[in-house]
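Please look over the structure below. The report covers the ligand surroundings, one helix pair and one loop residue.

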Amino acid sequence: MDKNEHRKKTLGFFREAALNKEGFYDAPNANDLRHSIGQRRVRAYLWSRVVHLAGSSDTLLEVGCGNGDFIKELAVELPGTKFCGHDFSSEMIEIAKRKYGGYANLSYRTQDLLNPDPDIGRFDIVLCVNMFHHLHSDDLDRGMDSLAALTRKVLLFEIKNENNFWNRSFRPTNNFPLNLLSPQRARSYLLPKGLRFMRQWNIFGLDFLSPIVILEFSRDEA
Ligand SMILES: C[S@@+](CC[C@H](N)C(=O)[O-])C[C@H]1O[C@@H](n2cnc3c(N)ncnc32)[C@H](O)[C@@H]1O
């Protein structure tokens, strides 16, 4: 599938989720608006890392924030930290602004990770959760370039693990390709960009058993 078609299908899928499910893309139906168990485990881990890492004057960006509900919870927990959510779906960003527009330390903006506006700047902590696999396979390096450019101190990077057999053979695709990445490839690509590898969390303990892993990188000269 070429890049244009891939982008159109991805945007269409999340537009539907925004219009029909308040942005809860993995909810079974519009009467049952909740995240999957896997997604909740990922969030619990990320929550503990962000609460541990965030200083009182830090800034945090979530790229591909969807309906913005995760950083809203973090913004309530960490009122001294400034949170910003970006998503390339304007419908998702509309929901986030409508639901969570009233928090002083929280803002949302329509932004494509692959074409960020020049005024975006850098953020102390960058979160990329359940998003990277939606990029076209030809854009994975460009996506990592963008993540590195946006990160001032720490990058928390969730990927769909290419080393996992279930991912390679059975992961459902929603009619458009979902792109896998191995932790090794992400590490070797990001290290020359000044990001030091700190830790890896595997959702089921061992790397090859885990369809989802989270990589944490820290910038040497913060
Ligand atoms: C599966 S949702 C995850 C939302 C949120 N991160 C979460 O964990 O609930 C993926 C989101 O990434 C967004 N997205 C996909 N490609 C993007 C891109 N190139 N730039 C910005 N957002 C993108 C989609 O619109 C969608 O809202």
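The shell around the ligand is made up of 12 nonpolar, 6 polar and 2 charged residues. The model is predicted. Of the 20 residues around the ligand, the ones that come nearest are Phe14, Gly64, Gly66, Phe88 and Leu113.

Phe14 also takes part in a helix contact, between H1 and H4. Helix H1 spans residues 3–21, and helix H4 spans residues 90–100. They pack at an angle of about 30 degrees. Their axes are 8 Å apart. Angles under 35 degrees count as roughly parallel, so H1 and H4 are roughly parallel to each other. Their crossing is left-handed. The two sides of the contact are listed here.

| Helix | Residue range | Residues making the contact |
|---|---|---|
| H1 | residues 3–21 | Phe14, Arg15, Ala18, Leu19 |
| H4 | residues 90–100 | Glu91, Met92, Ile95 |

By class, this contact of H1 with H4 has 5 nonpolar and 2 charged residues, and no polar ones.

Next comes the loop residue. Where is Asn163 found? Asn163 sits in the loop between strand S5 (151–160) and helix H6 (165–169). Is Asn163 buried or exposed? A residue counts as buried if 20 or more other C-beta atoms lie within 10 Å of its own. Asn163 has 20 other C-beta atoms within 10 Å, so Asn163 is buried. Leaving aside neighbours within four places in sequence, Asn163 is in contact with Ser182, Asp207 and Phe208. Gly143 is 20 residues from Asn163 along the chain, and the C-alpha atoms of the two are separated by 20 Å.

Notes:
Residues numbered from 1 in each chain as written. Predicted model: local features only at pLDDT ≥ 70, side-chain atom pairs only at ≥ 80, totals over all residues. Near = placed C-beta within 6 Å. Nonpolar A, V, L, I, M, F, W, Y, C, P; charged D, E, K, R; others polar. Axes fitted to C-alpha atoms, helices over the stretch in contact; angles between N-to-C directions. Helix = DSSP H or I, 4+ residues; strand = E, 2+ residues; numbered from the N terminus. Parallel < 35°, antiparallel > 145°, perpendicular 65-115°, else oblique. Left-handed = near helix turned anticlockwise from the far one by under 90°. Contact = placed C-beta atoms within 7 Å. Buried ≥ 20, exposed ≤ 12 C-beta atoms within 10 Å, placed from the backbone.
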